[in-house]
Amino acid sequence: MNILSPSILAADFKRLGEQIKEVEDAGASYLHIDVMDGVFVPSISFGMPVISSIRSGTDLFFDVHLMIQNPQWYLKEFADAGADLINFHLEAAENPAAVIRTVKSLGKKAGITIKPATPAEAVRPYLKMVDMVLVMTVEPGFGGQAILPECLDKVRAIRAMVEEQRLKTAIQVDGGIRIDNVGQALDAGANVIVSGSAVFRGNITANVTEFLKKLS
Ligand code: DX5
Ligand code: ZN
C-alpha cells in the first residue's frame, strides 16, 4: 500500500489546524513534520511545542523528519510531543544504532534518512532495525525545490536490498515530488510519498485527491 505524507512546512501557519483537518478529510493518513535546527540544515522551522499543539487536533500518523544535529538528545521530547515515527539523518548521528534503539524503546517507529550525497549502501547496516528509510530527493532545508532525479537510483538500490532480505521496511521520498513526477518515485520503489508545496499550494483537497489517485 502506498501512503501520502503531506508536509506541513508548506502550510499556512496561521491556519495550520484547519489545513491539517483538510488533508485528513481529503483522505491522507500521515502528516510529515519537518523539524530544522539551523545547524544541520541552514534553516529553522519549528519544534516540540508546535507538534504537541497540533497533536490534540488530529488522528493523523505523525511522521517526524528531524533535520537536526545530535538527534539523540531530543528523542524523548519528540516522542512525548506526539511523534508516531521519528526519522533522523544518518549524517547527524554519532551512533545511529543507538538512536534507533532509543526510538524503539520509546514505543515509536524509527526511520533513517539520507541526504542526496550519501550513498544507498550507507543504510545497509541499519536496514533490519528500522521501519523506514527516507531518501531525500532534494538537499534538506527548504520546501519548494526541484527533484534531483538521480536520487531515485538510490531508491531502486534500497528497494532491491529490502526485497533481497525479505524485509517490510518502508521507503519514503521527500523533496520536489509533484503529481507529474510521483509516478517515477513509485516506479523506483518508494511507497511513502512526502509532498509539501504540491499539496498545500492551491486547492488542498483537490491536490490530496489527485495524489491519492496516483498512489492507488
Ligand atoms: C525539505 C523537507 C521537505 C519539504 C518538502 O527539507 O524535508 O519535507 O517540506 O517540500 P516540497 O514537497 O515542496 O519539496
Ligand atoms: Zn521532510
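This passage describes the surroundings of ligand 1 and the spaces inside the protein.

The structure is a predicted model, in which local features need pLDDT of at least 70, side-chain atom pairs count only at pLDDT 80 or more, and totals for chains, interfaces and linings use all residues. Residues are numbered from 1 along each chain as its sequence is written, chains are lettered from A and ligands numbered from 1 in the order in which they are written, and side-chain values use heavy atoms, with hydrogens and water left out.

A good place to begin is the ligand. Around ligand 1 there are 20 residues, and Asp 34, Gly 141, Asp 174, Gly 196 and Ser 197 come nearest (a residue is near if one of its heavy atoms lies within 4 Å). By class, this shell holds seven nonpolar, eleven polar and two charged residues; here Ala, Val, Leu, Ile, Met, Phe, Trp, Tyr, Cys and Pro count as nonpolar, Asp, Glu, Lys and Arg as charged, and the others, Gly among them, as polar. Strand 2 (30-36), strand 3 (61-67) and strand 8 (192-195) each supply at least two residues of the shell, and strand 2 gives the most, with three. Strands (E, at least two residues) and helices (H or I, at least four) are DSSP runs, numbered from the N terminus.

Polar contacts (pairs of N or O atoms within 3.5 Å) link the ligand to the backbone. An oxygen atom of ligand 1 is 2.8 Å from a polar backbone atom of Gly 141, and the 2.8 Å distance is also found for Gly 144 and for Gly 196. The protein covers 99% of the 380 Å² of accessible area that ligand 1 has on its own (Shrake-Rupley method, 1.4 Å probe).

Where does ligand 1 sit? Its place is the largest cavity, with sitting taken as more than half of its atoms within 2 Å of the grid points. On a 1 Å grid over the protein atoms alone, a cavity is a set of points where a 1.4 Å probe fits but cannot get out, and lining residues have an atom within 4 Å of a point. The search finds one cavity of 30 Å³ or more, and about 240 Å³ of space lies in the largest cavity. Its lining has 25 residues, with Phe 142, Gly 143, Gly 144, Asp 174 and Gly 175 nearest the centre.

Terms used. A polar contact is a pair of N or O atoms within 3.5 Å; within protein, one must be able to donate a hydrogen and the other to accept it, and residues adjacent in sequence count only if both atoms are side-chain atoms. On a 1 Å grid over the protein atoms alone, a cavity is a set of points where a 1.4 Å probe fits but cannot get out, and a pocket is an open set with protein on both sides within 12 Å along at least five of seven lines; lining residues have an atom within 4 Å of a point. Grid points are joined across faces, edges and corners, and a volume is the space filled by probe spheres set on the points.
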